[in-house]
Amino acid sequence: MLIKTISLTNFRNHDTYKLNCKPTTTLILGANGCGKTSVLEAIYILTQGKSFRATDPDILKRGTKFYRIELEYNNGEKNIAIYDGIRKKFQILDKNTYRLPNKNKYPVILFLPSDLNLISGSPSSRRKYFDRFFSILNSKYSTSINKYEKALLQRNKLLKEDSITPIDVFPWNVLLAKNGAMLSSLRQNFINQINESLTSTYHSIADNQDEVLIEYQTETITNNNHITENQYLQILEKNYQKDRLIGHTTFGVHRDNFEFIFNHKIANGSASRGETRSIILALKFIEARIITKELKKAPIILLDDVFSELDNERRACLIDNFKNHQVIITSVEKFTDKDIENN
């Protein structure tokens with residue numbers, strides 16, 4: 001399924017805006033700050049149900065009372081989102097819902113300039129990156145990460161209060177244990193899938209014999225055995241007094257890390273700038289292949305001003321690997337590369 005049009009009203013700095021999308025490659029040109037990324041953000045909201053960078057009050061154009069976005073697919077199906085200043089709702093087939101139903105979501109690969117700094121970034125930035133990918137890949141993961149984050153917020157809030165007891169945090173412990181154990185298992189499975197072809201895909205870009213893998217670092221797996229819900233719960237209860245003193249939850253998948261390993265060393269510091277970019281490109285290509293295989297749908301590719309960060313060789317590789325997908329690109333200047341123009 002392909003996107004035909006995306007229309008925005010009072011969205012970010014757009015009063016009104018409509019983009020007609022090509023079935024192959026659509027290029028959005030404009031200076032920095034003109035709202036190019038906002039168009040990709042609107043597409044993401046109507047394909048995934050939420051923004052990849054902000055909350056609804058931040059998205060609403062200043063001085064207005066609502067925003068509206070409408071996405072039409074080439075088969076005539078429409079997804080509409082309206083935020084009235086209080087709450088966002090979706091209109092699907094004349095029915096209103098406060099969540100975008102899973103059956104109305106469509107997979108996307110989002111490529112942001114910040115992704116090229118993934119290897120050198122913080123563990124939290126890598127968790128956020130992979131959570132976004134895994135949520136698209138598996139609706140259970142999306143549900144579990146949302147429940148986990150809400151439970152973690154509530155437990156941490158309680159831990160800072162003066163008069164609480166273990167009984168007060170117990171319901172949140174249960175939710176953290178249930179969803180944390182599931183997330184740990186799913187994360188390991190997905191990372192294993194990526195690692196199966198990460199080195200070979202990297203070789204197709206870099207043409208060398210370097211080895212690359214992602215190491216899932218977590219406290220929730222010991223001796224290759226995943227933690228059970230009961231074990232997870234017991235650790236949370238055991239750590240109660242320590243967590244009270246520190247003021248936050250010290251155990252759980254919210255502390256996980258995804259470390260990139262390059263030739264048996266941590267990639268951050270051992271891989272060059274070019275090698276780092278090749279690793280990230282390889283990761284993006286694998287994401288597209290896994291999503292296509294698992295969901296039986298070719299994901300839509302959203303590229304936000306990343307071509308300016310890549311040399312000609314890696315640009316050509318990006319074009320070639322995504323040639324069978326609908327691609328929407330933002331850029332500050334028109335490309336002269338004939339492959340892009342003729343895609």
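Me: Where is the place of Glu-309?
Reply: A word on the model: it is predicted, so local features need pLDDT of at least 70, side-chain atom pairs count only at pLDDT 80 or more, and totals for chains, interfaces and linings use all residues. Residues are numbered from 1 along each chain as its sequence is written, and side-chain values use heavy atoms, leaving out hydrogens and water. Helices (H or I, at least four residues) and strands (E, at least two) are DSSP runs, numbered from the N terminus. On that footing, Glu-309 is found in the loop between strand S14 (300-304) and H10.

Me: Which residues is Glu-309 in contact with, leaving aside its neighbours within four places in sequence?
Reply: Its relative accessible area is 32%, so Glu-309 is partly exposed (buried is under 20%, exposed over 50%, partly exposed in between, with a 1.4 Å probe and protein chains only). Contact here means heavy atoms within 4.5 Å. Once those sequence neighbours are set aside, Glu-309 touches Leu-116, Arg-273 and Arg-277.

Me: How do H3 and H9 lie to each other, roughly parallel or roughly antiparallel?
Reply: Let's take the axes, lines fitted to C-alpha atoms over the stretch in contact, with angles from 0 to 180 degrees between N-to-C directions. Helix H3 (residues 123-137) and helix H9 (residues 273-295) have axes 10 Å apart at an angle of about 20°. Angles under 35 degrees count as roughly parallel, over 145 as roughly antiparallel, 65 to 115 as roughly perpendicular and the rest as oblique. H3 and H9 are therefore roughly parallel.

Me: And H3 with H4, is that arrangement roughly perpendicular or oblique?
Reply: Here the axes cross at roughly 135° and come within 5 Å. On the H3 side the contact uses Asp-131, Phe-134, Ser-135 and Leu-137, and on the H4 side Ser-139, Tyr-141, Ser-142, Ile-145 and Glu-149. Given the crossing angle, H3 is oblique to H4.

Me: Which side of H6 do its buried residues take, the same side or opposite sides?
Reply: Helix H6 (residues 229-238) has Tyr-232, Leu-233 and Leu-236 as its buried residues. Their arc, taken from the directions from the helix axis to the C-beta atoms, is only 100°, so these residues of H6 are on the same side.

Me: Which helices do those buried residues of H6 pack against?
Reply: Happily, we can keep looking at the buried residues of H6. Their partners are helix H4 (139-159), helix H5 (166-206) and helix H7 (240-246).

Me: What kind of aromatic pair do Phe-285 and Phe-322 make?
Reply: Rings of Phe, Tyr and Trp (its six-membered ring) pair if their centres lie within 6.5 Å, and planes under 30 degrees apart count as stacked, over 60 as edge-to-face and the rest as tilted. The structure has 17 such pairs. With ring centres 5.4 Å apart and planes at 85°, Phe-285 and Phe-322 are edge-to-face.

Me: How many residues apart in sequence are the parts that this pair ties together?
Reply: Phe-285 and Phe-322 are both buried. Phe-285 belongs to helix H9 and Phe-322 to the loop between helix H10 (312-321) and strand S15 (327-331), so the parts tied together are apart in sequence by 37 residues.

Me: What is the phi of Asp-207?
Reply: Most residues other than glycine have a negative phi. Asp-207 lies in the loop between H5 and strand S9 (212-217) and is exposed at 70% relative accessibility. Although Asp-207 is not a glycine, its phi is positive, at about 55°.
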